[in-house]
Amino acid sequence: MKYIKKIGWGLLIVFVLIQFYRPSKNMAVSDTMESFLVETNPSQELKLILKQACFDCHSNTTVYPWYNNIAPISFWLDAHVKDGKKHLNFSEWGNYTIKKKDHKMEEVVEMVKEGKMPLTEYTWTHKEAVLTPDQKQAILDWANHTRALYQLGPKPE
Ligand code: HEC
């Protein structure tokens with residue numbers, strides 16, 4: 001019993017101390033996604049879907065939930081955002097080569113078709129990010145249409 005109490009206090013102290021460590025936030029001051037939006041031209045409706053379901057992890061501006069103020073959740077979210085951005089960052093679209101853009105759009109089709117994106121952990125707390133079949137189709141059509149503009153490789157279905 002004594003040990004359990006000690007462990008309890010130990011954990012509490014660790015919990016309190018890690019609150020002093022905060023990963024820096026992913027909130028660029030002047031992030032426009034101009035290049036990406038002009039080039040891929042999503043409809044207003046689709047733009048909103050992407051904003052609600054993808055941009056938090058795939059752009060330079062994340063809208064953080066309140067619980068991001070609590071460690072270790074903050075570290076966990078930070079890792080997701082960093083990892084997501086490393087793979088695909090719509091804010092950096094203008095710096096991608098055509099080949100890379102085409103490939104990323106191919107990946108978008110794959111991920112959305114297979115229901116791998118947005119991540120399930122994200123939709124637990126972001127119900128508006130759960131994609132309906134129509135929304136999924138809208139993303140697929142848009143991504144395939146964008147790929148057709150790049151005119152590379154085998155034509156998308
Ligand atoms: C909670 C954060 C998060 C959200 C929201 C999210 N993603 Fe991701 N995404 C990731 C992470 C992390 C990876 C890399 C690891 C992996 O593939 O699971 C990734 C990988 C990807 C990749 C693969 C890129 C590559 O070349 O490997 C694509 C494409 C993608 N996401 C598209 C989307 C789309 C489209 C949406 C919205 C419908 C979305 N993601 C929403 C975190 C997220």
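**Exercise 1. Find the loop that holds P72, and describe the peptide bond between A71 and P72.**

Step 1: P72 belongs to the loop between α4 and α5, where helices (H or I, at least four residues) are DSSP runs numbered from the N terminus. Step 2: The bond that joins A71 and P72 is a cis peptide bond, with omega of about 5 degrees. This is a predicted model, in which local features need pLDDT of at least 70, side-chain atom pairs count only at pLDDT 80 or more, and totals for chains, interfaces and linings use all residues. Residues are numbered from 1 along each chain as its sequence is written, and side-chain values use heavy atoms, with hydrogens and water left out.

**Exercise 2. Locate P118 and N41, and state the backbone feature of each.**

Step 1: P118 is in the loop between α6 and α7 (120–125), and a cis peptide bond with omega of about -10 degrees joins M117 to P118. Step 2: N41 is placed in the loop between α2 and α3, and its phi is near 45 degrees, a positive value in a residue other than glycine. Step 3: As background, most residues other than glycine have a negative phi, and most peptide bonds are trans.

**Exercise 3. Describe the surroundings of the ligand, beginning with the residues that come nearest.**

Step 1: There are 17 residues around the ligand, and those that come nearest are C54, C57, H58, K104 and M117; a residue counts as near if one of its heavy atoms lies within 4 Å. Step 2: Two polar contacts (pairs of N or O atoms within 3.5 Å) can be examined: an N or O atom in the side chain of H58 is 2.7 Å from a nitrogen atom of the ligand, while a polar side-chain atom of K104 is 2.6 Å from an oxygen atom of the ligand. Step 3: At least two residues of the shell come from each of α4 (55–58), α5 (73–87) and α6 (98–113).

**Exercise 4. Describe the pocket in which the ligand sits.**

Step 1: The ligand sits in the largest pocket, which means that more than half of its atoms lie within 2 Å of the grid points of that pocket. On a 1 Å grid over the protein atoms alone, a pocket is an open set of points where a 1.4 Å probe fits, with protein on both sides within 12 Å along at least five of seven lines, and lining residues have an atom within 4 Å of a point. Step 2: The volume of the largest pocket is about 520 Å³. Of its 25 lining residues, H58, G84, L88, M111 and M117 are the closest to its centre. Step 3: The largest share of the lining, six residues, is supplied by α6.

How values were computed: Polar contact = N/O pair within 3.5 Å; in protein donor to acceptor, adjacent residues only side chain to side chain. Points joined across faces, edges and corners; volume = space filled by probe spheres on them.
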